[in-house]
Structure formats: C-alpha cells, structure tokens
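Welcome! Here are some exercises to work through at your own pace, each followed by a solution in steps. Have a look at the structure first.

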Amino acid sequence: QVRLVESGGGLVQAGESLRLSCAASGTIRSIGAMSWYRRFPGNQRELVATITGGASTNYADSVKGRFTISRDNTKNTVYLQMNSLKPGDTAVYYCKSVISSRPGSWFEYWGQGTQVTVSS
C-alpha cells in the first residue's frame, strides 16, 4: 500500500511564501513523475507543476517565475516552493505521483490535499 501525505499549507498574506511537501510511503520500488494540482473554490482544477524522474520540470503559466517544484528521491518527497503568493492562488493543493511497487506495474497515487489561503 502506498500513501502520499502533504503538509505545509496555511493562511498567508499576499506576497508571502509557503513551501508544500508531499511524502510517499509504503511499498515503493520506483517513483516516476510527481505533480502538484490545485482545486479552486469554484471546483476548477489546474495542473500547477510536474517534475519527472529525470528532474525535468513544467509549470502552469499562472505560476511560472513564482513557484518551484523539486524532489528528494532519498526521501520520496516532492516539494512546491510558492513565492509572491496572490489571492488567486487560494486553493486546495494536491500532489500526485506515479509509483511502481513491483516490476512493470505503475499506478497513480494522490494525496489528501492541503489548503492554501492567501489574503489580500
């Protein structure tokens, strides 16, 4: 069984920073791409950033230059450093990872979500 646990959300003022973490645990043989998504109050979902197993990164246009995704493979953890936060970044943030627990078998796993609220 694989589990993803997010942490680091909270309430901040516009212009401040937060760092989200998402740690994978359980039977893990290998981890592929790791991503952060967010769901806005109106229920719209957005892919925020992705980092591949080879450490290539992609970002939504809305966060480019402000957010940085990174990973620590020794800790099975992905991070999202969020700087210059705006009220429009208010959302529930979820991590997703593609994980192999046995050879030739890969599945997507999701965290439970962490709330980020940015006040003006």
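**Exercise 1. Across the sheet**

Which residue in E3 does Arg-3 stand opposite?

*Solution.* Before starting, keep in mind that this is a predicted model.

Step 1. Look up the two strands: E1 and strand E3, residues 18-26, pair in the antiparallel sense over six bridges.

Step 2. Find Arg-3 and look across to E3: the residue opposite is Ser-25.

Step 3. Now widen the view. The order E1-E3-E8-E7 describes an open sheet of four strands with antiparallel pairing. Strand E1 (2-7) and E7 are at the edges with a single partner strand each, so one side of each has no neighbour in the sheet. On average, neighbouring strands of this sheet are turned by 15° against each other, direction ignored.

As background, strands of a sheet pair through backbone hydrogen bonds, either parallel or antiparallel.

**Exercise 2. A charged residue without a salt bridge**

Find Glu-6 and work out which backbone nitrogens its side chain reaches.

*Solution.*

Step 1. Place the residue: Glu-6 belongs to strand E1.

Step 2. Check for a partner of opposite charge. Glu-6 is buried yet has no salt bridge, and the nearest side chain of opposite charge, that of Arg-3, is 9.4 Å away. A salt bridge would need a nitrogen and an oxygen within 4 Å.

Step 3. Turn to the backbone. A polar atom of the Glu-6 side chain lies 3.0 Å from the backbone nitrogen of Gln-112. The side chain of Glu-6 also reaches the backbone nitrogen of Gly-113, at 2.4 Å.

Step 4. Complete the surroundings. Leaving aside neighbours within four places in sequence, Glu-6 is in contact with several residues, among them Cys-22, Trp-36, Tyr-94 and Cys-95.

**Exercise 3. Following the salt bridges**

How many salt bridges does a search of the whole structure find, and which residues are linked in a network?

*Solution.*

Step 1. Start with the idea: side chains of opposite charge can pair when their charged atoms come close. The search of the whole structure finds five salt bridges.

Step 2. Take Arg-38, which forms a salt bridge with Glu-46, with 2.7 Å between the closest N and O atoms. Arg-38 and Glu-46 are buried.

Step 3. Move on to Asp-89 and Arg-66, whose side chains meet in a salt bridge of 2.7 Å, N to O. This pair links distant parts of the chain, 23 residues apart: Asp-89 is in the loop between strand E8 (77-82) and strand E9 (91-102), and Arg-66 is in the loop between E6 and E7. Both Asp-89 and Arg-66 are buried.

Step 4. Put the four together: Arg-38, Glu-46, Arg-66 and Asp-89 are linked in a network of salt bridges.

Step 5. Add one further pair. Glu-108 forms a salt bridge with Lys-96, the closest N and O atoms being 3.4 Å apart. Here too distant parts of the chain are linked, with Glu-108 in strand E10 (residues 105-110) and Lys-96 in strand E9, twelve residues apart. Lys-96 counts as buried because its relative accessibility is 11%, and the cut-off for buried is under 20%.

**Exercise 4. Positive phi angles**

Asn-43 is not a glycine; what is its phi, roughly? Is Asn-43 buried or exposed?

*Solution.*

Step 1. Read the angle: phi of Asn-43 is positive, about 85°.

Step 2. Locate the residue in the loop between strand E4 (30-39) and strand E5 (45-51). Asn-43 counts as exposed because its relative accessibility is 53%.

Step 3. Repeat for Ala-55, in the loop between E5 and E6. Its phi is near 75°, a positive value in a residue other than glycine. With 47% relative accessibility, Ala-55 counts as partly exposed.

**Exercise 5. A serine and its partner**

Which side chain does that of Ser-35 join in a polar contact?

*Solution.*

Step 1. Find Ser-35 in strand E4.

Step 2. Judge its burial: at 5% relative accessibility, Ser-35 counts as buried.

Step 3. Name the partner: the side chains of Ser-35 and Thr-50 are joined by a polar contact of 2.9 Å.

Step 4. Look around. Beyond neighbours within four places in sequence, the contacts of Ser-35 include Leu-47, Ile-69, Tyr-94 and Lys-96.

Definitions and conventions:
Residues numbered from 1 in each chain as written. Predicted model: local features only at pLDDT ≥ 70, side-chain atom pairs only at ≥ 80, totals over all residues. Heavy atoms only, no water. Pairing = 2+ DSSP bridges. Axes fitted to C-alpha atoms, helices over the stretch in contact; angles between N-to-C directions. Buried < 20%, exposed > 50% of the residue type's maximum accessible area, 1.4 Å probe, protein only. Lys, Arg positive; Asp, Glu negative; His and termini not counted. Polar contact = N/O pair within 3.5 Å; in protein donor to acceptor, adjacent residues only side chain to side chain. Contact = heavy atoms within 4.5 Å.
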